[in-house]
Amino acid sequence: MVKLIENTDAFMPDDVRALYEDAFPVEERRLWNPRPAGLRLHEAYDDSGVFKGFITTWLLPGDVTYVEHLAIHPDMRGHGVGGEIIDALPGKVILEVELPLTHEAQRRIGFYERHGFVAATECEYVQPPYAPGLPSVPMLLMCRGDVDAEMTAHLLHTMVYGCEGQLKL
């Protein structure tokens, strides 16, 4: 059983930072310290207090939860931890995932599909750069629940990334 504990500190804890940097390429990582207003961090632990992973989310208008990052400690992968975390999110959820161009990306998409997500086909999506000098990244939006992906993509660009452009309709 996984327990999610919200961390309200402004700075990323060392165990989370190590996993974050290991799990995501630099172009998919935000500048963190201090944490942007609105970004929520939940750390996952087992009953004995062993760190299992984390999830970062934003609450968007319309009660839509945007999953920005989900990472499971390498020793815990394949044991249902990610599924427990993603299934714990209530209501409407949207997230970005890499295009299905690699085996690893296809596995991630399959994971989300097994947990009720479907690809949003009404718009092509590009993740804006997290920082100057970093590239934008073509991504796939996946939704669970009744989410207007096009409108939510605009909200992501303005509220999460602080920009208006990059969205191709």
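## A tour of the chain, from fold to single residues

With the whole chain in view, colour by secondary structure, and you will find 4 helices and 8 strands (DSSP runs, H or I of at least four residues for helices and E of at least two for strands, numbered from the N terminus). Followed along the sequence, these elements are arranged as β-α-β-β-β-α-β-α-β-β-β-α. The radius of gyration, taken over C-alpha atoms, is 15 Å, close to the 15 Å that the globule rule (2.2 Å times the number of residues to the power 0.38) gives for 169 residues, so the chain is as compact as a globular protein of that length.

Before selecting residues, note that this is a predicted model, in which local features need pLDDT of at least 70 and side-chain atom pairs count only at pLDDT 80 or more, while totals for chains, interfaces and linings use all residues. Residues are numbered from 1 along each chain as its sequence is written, and side-chain values use heavy atoms, with hydrogens and water left out.

Select next Phe54, Tyr66, Ile94 and Leu141, which touch the most other members of the largest nonpolar core, a set of 31 residues. Such a core consists of buried Ala, Val, Leu, Ile, Met, Phe, Trp, Tyr and Cys residues joined through side-chain atoms within 4.5 Å, where buried means under 20% relative accessible area, exposed over 50% and partly exposed in between, with a 1.4 Å probe and protein chains only. At least two residues of this core come from each of α1 (14–23), β2 (40–45), β3 (51–60), β4 (64–72), β8 (137–144) and α4 (149–160).

Now centre on Leu141, whose contacts (heavy atoms within 4.5 Å), not counting residues up to four places away in sequence, include Ile94, Val118, Cys123, Tyr125, Ala153 and Leu156. Another core lies apart from the largest one, and its 20 residues include Val2, Leu70, Ile86 and Tyr112.

Move on to Tyr161, in the segment after α4, which counts as buried at 12% relative accessibility. Leaving aside neighbours within four places in sequence, Tyr161 is in contact with Tyr66, Glu96, Tyr125, Gln127, Pro128, Tyr130 and Leu156.

End at Asp63, in the loop between β3 and β4, which is exposed, with a relative accessible area of 59%. Most residues other than glycine have a negative phi. Asp63, although not a glycine, has a positive phi of about 55 degrees.
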